[in-house]
Amino acid sequence: MTPVELHYTLTPAMTRLRVAEALAHEARKDAALLDAVARGQPGALKLLLLLPFPVASAYLLLQRDATSTTMVTAVVLALLTLPLWRLADRLLAPLHRRIEMRAGRSAGRLGALSLRLAGVTLRTRLASQEGNYVLRFDDHGFRLGRDPQHPVTLAWTEIVHAAETEHFHRIACATLHRRGKAYWIPKRSEAMQPAAFQQGLQLFLERIPAAAFSEKTDSAAARSAS
């Protein structure tokens, strides 16, 4: 095929979009983690409360000098475990709600602070990647460069990860993918006629190996490289 060139500019507005997408991804991950902790907390509290009963029962039964009274006590402790386990949810519900509320407030404050700090770091790093880019590709691979930097060249077979966000396509070779990074290519460009850019972008995407699109690594959405 005749080599195709795509021109685009990563602008401050695009940097803001990339930061927003990355922070939204991190917020979803934090929410999922808190949800998992909340689901597991009742069981953990029940286990913490009731574990001493079977442990004490087993300890008494293993005593060499155990008397009949000791044996009865061990059996009673073991038998108490089942009804207490059934009652534990009701008994521990108020405590669980208080812990959950406090954890939620603390996590909310820490999460907001963490996202603000991450946003500052991301904006600084991604701002350094702003500029005019040229993406040139043919049947063998592509070359991506930003003036005045030396362009990067990759064969199609070197692409191991391809994914998209609302505003960008992310393309990565094995080295970048291991580091959670990618080349970010916008879905729209003001540096070319829109129709020409979309046609060229579609041709570019069609040459990426299908296996690269099936690779799932959500964490890569939170980090980036140009």
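This passage describes the fold of one chain, with emphasis on a three-stranded sheet and the helix that lies across it. The model is predicted.

The chain contains 6 helices and 7 strands. Read from the N terminus, its elements follow the order β-α-α-α-β-β-β-β-β-α-β-α-α. The chain has 226 residues, and 33% of them are buried. Contacts between residues at least 6 apart in sequence were also examined. Of these contacts, 63% link residues at least 24 apart. The exposed surface of the chain comes to about 13,900 Å². Carbon and sulfur atoms account for 62% of that surface.

One open sheet is built from 3 strands. Their order is 5-6-7, and the pairing is antiparallel. Strand 5 (159-164) and strand 7 (183-186) are the edge strands, each pairing on one side only. On average, neighbouring strands in this sheet are turned by 20° against each other, direction ignored.

Strand 6 covers residues 168-173. A hairpin of 3 linking residues connects strand 5 to strand 6. These two strands are held in antiparallel register by 5 bridges. Strand 6 also runs antiparallel to strand 7, and 4 bridges join this pair. Ile-171 illustrates both pairings. It is the bridge partner of Ala-162. In strand 7, the partner of Ile-171 is Tyr-183. In a regular strand, side chains alternate between the two faces of the sheet.

Helix 5 (residues 194-206) lies across strand 6 and strand 7. The helix runs at about 145° to strand 7. Its length was checked against expectation. At 1.5 Å a residue, the 13 residues of helix 5 should span 18 Å. The end C-alpha atoms are 18 Å apart, so the model agrees with the expected span.

Which residues of helix 5 are buried? They are Phe-197, Gly-200, Leu-201, Phe-204 and Leu-205. These residues cover an arc of only 140° around the axis, and therefore sit on the same side of helix 5. The other side of helix 5 carries exposed residues: Ala-195, Gln-199 and Glu-206. Here, buried means under 20% relative accessible area, whereas exposed means over 50%. Helix 5 thus has a buried side and another side with exposed residues.

Notes: Residues are numbered from 1 along each chain as its sequence is written. This is a predicted model: local features need pLDDT of at least 70, side-chain atom pairs count only at pLDDT 80 or more; totals for chains, interfaces and linings use all residues. Side-chain values use heavy atoms; hydrogens and water are left out. Two strands pair if DSSP finds at least two bridges between them. Helices (H or I, at least four residues) and strands (E, at least two) are DSSP runs, numbered from the N terminus. Axes are lines fitted to C-alpha atoms, for helices over the stretch in contact, and angles run from 0 to 180 degrees between N-to-C directions. Contact means heavy atoms within 4.5 Å. Buried means under 20% relative accessible area, exposed over 50%, partly exposed in between (1.4 Å probe, protein chains only). Accessible areas come from the Shrake-Rupley method with a 1.4 Å probe; for residues, only the protein chains shown count as cover. The expected span of a helix is 1.5 Å times one less than its number of residues. The arc is that of the directions from the helix axis to the C-beta atoms.
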